[in-house]
Amino acid sequence: MQVQLVSSHGMLAILEVLEAYQLGISAQSSSSNSSSSSPQTNAVSLPGPAGGVGRKASGMSMGMVSSLGLGSLASLGSLGLGGRSASGASTTSSSSSTTSGASLGITGSLPVLNTVTGIGGGLSAGGREVVLQLLKIVNLLVTGNIGFLESFCLIGGIPVVMGFTSKRFPAECRLEASNFIRLLCHTSVLTLQMFISCRGLKVLVDLLDEDCSSAAHAPLVAHALNGISSVFDLQSPTTKNDFCRMFVREGLLDPLSGALLNVMANVNSTSDGKAKTSNGPDGIQGAEDWREKNNGEGGMKMKIIRILLVFSQVSQSDLHVRHAVGTRKVVRRLLRACELLEPECLVLMLKAVKHLSMNVSLLDVLQNANAIEILVRILEEQASSPYSTEMSNHIFQTCFNLCRLNKSRQEEAAQAGIIPCLQRVAETQSPLKQFALPILCDMASAGKSCRLLLWQHDGLTMYLRLLEDPYFQVSALESILSWLQDEPARVEDELMKPKAIRSVLDCFATAKANPFENLLELFLKLTRMSTRMTTAFSRSAVFFRKVADRLGHNTKPVVRLNLLRILKSVCDAHPNRGILVERYGSGDGLLGVVEGLSRGGGDGAVLVRELAKEIIPMLRPGLKPLLSGSRAGSRGVTPKRMRRTASEASAVNPGTTGSAVTVGVAGGSSILSSGRNVLSPTAASKVVTTRPKTRLRDIPWQGTGRTG
């Protein structure tokens, strides 16, 4: 019967008492700040100790609350809680004193409201104790009873109780109010939604901005963290992005990141035996007892990190959240936490930092906060940790985002000692190679200090090994060329070693179709930068055979053009042209392929056709010089018969018929030429046989000489 009485009428009375107390405190604050021009008009405060009326009345009220319960709250007005009007008359009503507990309702709570309002800002310690007991009774009634809690929220109890979380009120009242908020956030979805609609997020942020090392304030921080987690876990049409923006508007990230550092500092002091124990005021557990009940600071750290992880994920798509998370103060706190967290929590924090690194606008902030140095140190320290795989995954992705296409960060990472870590990953079959190898390949062009560190860690040999990987052939060869361009002498000496030459030629010979197209530009650049490497290519039969095969089967004009350019560079650098002709001058070999391209090759590419015509004379067989007094040997090539010119006819004695006339070549060079054909300059002389002109009478007619 009493429970039904409280649920229908008593809750409103309690609410009005608490609200009146808040109004009294607000009036006291405003009156203390204003000028005292008319002090006679102020509310009359409680009598002093001499009268003893106020303390006696408050003590009587405490006894009534504890003995009679909520059913007799209406009689508080008749007990003379100490309130008097400005005229000195008592504000208690005789009619309200005769009201029974069964008829408690809106009218029964009005005397209570009038009494507390009359007291104003002069409520004594006994009055605060009454309010504290009322908050405890409210929490006692709504705990485990959803109906009571929802009814109390519907009559406007949330804003009133939330007001007692302010720092203006004693710690005991704040703790009871935070307990009520904890029930709101964890009892039902409806109460949580009503709490949010009453601007409860601001209250959670204010509760979080406390020193968690204090026994009185640690529960407030815990309740705030639990409430924030419940808000993000709420299944509603409102998205996490909207909740994040609301929290950002209330200024959550600054106290949240500060709370993380405070919790870790408190854990460190506790582990060293320096934690301070305190029983606290009445109704508050000691710090150690409270931490044990709430799983200690470890649970708080995990909750804070998960909340920060949500913000880092939302920052990728929300500009306002990104600007709030990307402040220098917050980022430095997050990275500082990474240095102090244990491995289980560190994994989640590194994941949050990884999400931040995916925003281009935050890369400079991370760099200025020494993120690269901290991450590399964690990578080395946690190499043997059970969580090393997950940590390496997040760290390598973060370093990839930071170092990609930024030479200053690449140089900073190299100086921080990331090269050995990257090389260890590159030598394995780990999926992290896709993040480690691009960083290594970019370092060759990052700067002199990077190349010096690469040389100390045998980076050039690593690049040569990467030529065997079809996915990183192009990147490795680009790194070699960049290093060769900056330090040609030292790099070229290494490349001229047989093993290095074999690696480069194998890369050219075994490259797949798609990578091969990208490699051609790099090989062409290599042949132009290093004459020694080009000469080494010209001595390889595999190289020419692969060129002939690619020219014959690849139909892309760009590929053919680059192949012909490379072939021309190699032929120009070959020390013995005769060997080229002897090995590759046959019509069914390389020469035949090039001649086919010079005639059009089916694709009609003009540049390919013209370049092929320039290469043909380098591969086509030419004349060999004759020894004096002897004919061309059996291996010699018979030159093409040439037409006589008018100058040749005048040089021959007309009276001589059928005789051989020797035309001397002055200076050892040939002077006979016809059209485009020029005799070999090495021939010392040539025998020219002239045939006499046939006269008309010397021509045998058809009938002459026939036998009858």
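Among contacts in the protein chain between residues at least 6 apart in sequence, what percentage join residues at least 24 apart? I looked this up before anything else, and the share comes to 72%. I note here that I am working from a predicted model.

**Entry: the chain as a whole**

I counted the secondary structure next, and the protein chain holds 37 helices and four strands. I then checked burial, and found that buried residues make up 46% of the 708 residues in the protein chain. As one example of a covered element I took helix 10 (residues 200-208), which is mostly covered, with seven of its nine residues buried. I wrote down the buried ones as Gly200, Leu201, Val203, Leu204, Val205, Leu207 and Leu208.

**Entry: aromatic pairs**

I went through the rings and found that the structure holds 13 aromatic pairs. In one of them, Phe152 and Phe180, the ring centres are 5.6 Å apart and the planes stand at 80°, so I entered this pair as edge-to-face; the cut-off for that class is over 60 degrees between the planes. Because Phe152 lies in helix 6 (residues 146-154) and Phe180 in helix 8 (residues 171-187), the pair ties together parts that are 28 residues apart in sequence. I also looked at their accessibility, and both Phe152 and Phe180 are buried.

I then turned to Phe508 and Phe523, which form another edge-to-face pair, with 5.1 Å from centre to centre and 80° between the planes. Phe508 sits in helix 29 (residues 498-510) and Phe523 in helix 30 (residues 513-529), and the pair links these distant parts of the chain, 15 residues apart. I found Phe508 buried, and Phe523 buried as well. Following the ring pairs outward, I arrived at a cluster that links Phe508, Phe516, Phe523, Phe537, Phe543 and Phe544.

**Entry: charges over rings**

Phe516, a member of that cluster, has the charged end of Arg550 over its ring, 3.9 Å from the centre. Elsewhere I noted Arg490, which lies over the face of Trp455 at 4.2 Å from the ring centre.

**Entry: helix 30 against helix 31**

I looked up how these two helices meet, and their axes come within 5 Å and cross at roughly 115°, helix 31 being residues 531-538. Helix 30 and helix 31 are therefore roughly perpendicular to each other, since 65 to 115 degrees is the range for that class. On the helix 30 side I listed Phe523, Leu526, Thr527 and Met529 as making the contact, and on the helix 31 side Thr531, Met533, Thr534 and Phe537. Sorted by class, the contact has five nonpolar residues, three polar ones and no charged residues. Phe523 and Phe537, both listed in this contact, also belong to the ring cluster.

**Entry: two buried side chains to follow up**

Is Lys433 buried or exposed? I found Lys433 in helix 24 (residues 433-443), and its relative accessible area is 13%, so I entered it as buried, the limit being under 20%. Leaving aside neighbours within four places in sequence, I listed its contacts as Val425, Ala426, Thr428, Pro438, Asp469 and Phe472.

I treated Gln423 in the same way, placing it in helix 23 (residues 418-426). Gln423 has 13% relative accessibility and therefore counts as buried. With neighbours within four places again set aside, Gln423 is in contact with Leu440, His457, Asp458, Gly459 and Met462.

Key
Residues are numbered from 1 along each chain as its sequence is written. This is a predicted model: local features need pLDDT of at least 70, side-chain atom pairs count only at pLDDT 80 or more; totals for chains, interfaces and linings use all residues. Side-chain values use heavy atoms; hydrogens and water are left out. Buried means under 20% relative accessible area, exposed over 50%, partly exposed in between (1.4 Å probe, protein chains only). Contact means heavy atoms within 4.5 Å. Rings of Phe, Tyr and Trp (its six-membered ring) pair if their centres lie within 6.5 Å; planes under 30 degrees apart count as stacked, over 60 as edge-to-face and the rest as tilted. A charge sits over a ring if NZ of Lys or CZ of Arg is within 6 Å of the ring centre and within 35 degrees of the ring normal. Axes are lines fitted to C-alpha atoms, for helices over the stretch in contact, and angles run from 0 to 180 degrees between N-to-C directions. Angles under 35 degrees count as roughly parallel, over 145 as roughly antiparallel, 65 to 115 as roughly perpendicular and the rest as oblique. Ala, Val, Leu, Ile, Met, Phe, Trp, Tyr, Cys and Pro count as nonpolar, Asp, Glu, Lys and Arg as charged, and the others, Gly among them, as polar.
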